[in-house]
Amino acid sequence: MDGNGRWAASRGMPRSYGHKAGVEAVRRAVRAAGEAGIRYLTVYAFSSENWSRPADEVRDLMGLMKFFVTRDLAELCANNVHIRVIGDRSGLSQDILGLIETAESRSRENTGLKLNIAFNYGSRDEITRAVGRLVERQVAAGAQAAPITEADISAQLDTAETPDPDLVIRTSGEMRLSNFLLWQAAYAEFVFLPCMWPDFDSQWLRTALDEYASRTRRFGGVTAAKDIAL
Ligand code: IPE
Ligand code: MG
């Protein structure tokens, strides 16, 4: 979700105005994803690296996370959305931790869209934490330790319950992954949209999905000649 600051600046407004509009766009995105039949949606709300922003902006982003969970939880639950938060919890304040736990436990039984909110999330940090746990496990197993598999690593990631993404969308025209789902996106398709995040809506989602539908995924294999349209 990139481009909140530029969206606000182009209107002569402070960055916080863009972040607020960004929350509206999250609401639209969740609704549009559900309507499009998407089963898993992961939104990158705050990265491990975002702490380096000015203190008042960090405060704004924390405040908006609280605002979103507090204001939208009932409606998300009414729409059968299952919320999970991925990222490092150890750096978060008590009030945010409490809200995250409430959101997760209240929505746990919901069978609709799985909404992952990446908050204080960085993929390298996630992998580092996962490897740390695997090392502990191996040490505890001693001579009985089995070789570590890709599945072992996937199972230790914050996304253990979520299948790898088919599609990664980044807004604002930037073409970077910025430490998002590095392991999980190994075979994802990438779509970079020119819109700023606060302008994202069901039309932009459709644009991304159409682009995705036009791609041929080979997962390192080859496309059978019969499947190539001549
Ligand atoms: C995305 O917008 C905000 C976050 C999810 C933290 P930015 O704040 O990165 O906006 P730009 O890139 O400055 O326009
Ligand atoms: Mg940005």
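Here are some friendly notes on this predicted model, taken element by element.

1. **Strand 3.** A good place to start is strand 3, which covers residues 114-121. Eight of its eight residues are buried, so the rest of the structure largely encloses this strand. Strand 3 has two pairing partners described below, strand 1 and strand 2.

2. **Strand 1 beside strand 3.** Strand 1 spans residues 40-47 and runs parallel to strand 3, with seven bridges joining the two. If you want a landmark for this pairing, look for phenylalanine 46, which stands opposite phenylalanine 119 of strand 3.

3. **Strand 2 beside strand 3.** Strand 2, residues 82-86, also pairs with strand 3 in the parallel sense, here over five bridges. Two positions help to line them up on screen: arginine 84 faces asparagine 116 in strand 3, and valine 85 stands opposite isoleucine 117.

4. **How strand 2 is covered.** Is strand 2 buried or exposed? Five of its five residues are buried, so strand 2 is largely enclosed by the rest of the structure. Both faces are covered: His82, Arg84 and Ile86 are buried on one side, and Ile83 and Val85 are buried on the other. Do note that the buried set includes Arg84, the residue placed opposite asparagine 116.

5. **A crossover to look at.** Strand 2 and strand 3 also belong to a β-α-β unit with helix 4, residues 94-107. The unit is left-handed, and its two strands are the parallel pair from point 3. I would invite you to trace this one by eye in the structure above.

6. **Asparagine 120 and serine 47.** Asparagine 120 sits in strand 3 and has a positive phi of about 50 degrees, although it is not a glycine. Its relative accessibility is 5%, so asparagine 120 counts as buried; the cut-off is under 20%. Across in strand 1, serine 47 touches both Asn120 and Tyr121, leaving aside residues up to four places away in sequence. Serine 47 is buried as well, with a relative accessible area of 8%.

7. **Valine 58.** This residue lies in helix 3 and, at 9% relative accessibility, counts as buried. Which residues does valine 58 touch, not counting those up to four places away in sequence? They are Phe46, Asn50, Trp51 and Arg53. Phe46 will be familiar as the partner of phenylalanine 119 in strand 3. Valine 58 and serine 16 are separated by 42 residues in sequence, and their C-alpha atoms are 10.0 Å apart in space.

8. **The second largest pocket.** This pocket has a volume of about 210 Å³. The elements giving two or more residues to its lining are helix 2 (15-35) and helix 3 (55-78). The lining consists of Arg27, Val30, Arg31, Gly34, Phe68, Asp72, Glu75, Leu76, Asn79, Val81 and Leu113. Sorted by class, that makes five nonpolar, two polar and four charged residues.

9. **Strands 4 and 5.** Further along the chain, strand 4 (residues 167-170) and strand 5 (residues 189-192) run parallel and are joined by four bridges. Valine 168 has phenylalanine 190 of strand 5 as its bridge partner. The side chains of strand 4 alternate: Val168 and Arg170 point to one face and are buried, whereas Leu167 and Ile169 point to the other and are not.

10. **Proline 165 and leucine 181.** Proline 165 is placed in the loop between helix 6 (150-156) and strand 4. With a relative accessible area of 18%, proline 165 is buried, as the cut-off is under 20%. Not counting residues up to four places away in sequence, proline 165 touches Leu181, Gln184, Ala185, Ala188 and Arg217. Proline 165 and tryptophan 204 are 39 residues apart along the chain, and 18 Å separates their C-alpha atoms. One of the contacts of proline 165, leucine 181, lies in the loop between strand 4 and strand 5. Leucine 181 is buried at 4% relative accessibility. Like asparagine 120 in point 6, leucine 181 has a positive phi without being a glycine, in this case about 45 degrees.

Note on methods: Residues numbered from 1 in each chain as written. Chains lettered and ligands numbered in written order. Predicted model: local features only at pLDDT ≥ 70, side-chain atom pairs only at ≥ 80, totals over all residues. Heavy atoms only, no water. 1 Å grid on protein atoms, 1.4 Å probe; cavity = no way out; pocket = protein on both sides within 12 Å on 5 of 7 lines; lining within 4 Å. Points joined across faces, edges and corners; volume = space filled by probe spheres on them. Nonpolar A, V, L, I, M, F, W, Y, C, P; charged D, E, K, R; others polar. Buried < 20%, exposed > 50% of the residue type's maximum accessible area, 1.4 Å probe, protein only. Pairing = 2+ DSSP bridges. Right-handed = clockwise from strand over helix to strand, strands pointing away. Contact = heavy atoms within 4.5 Å.
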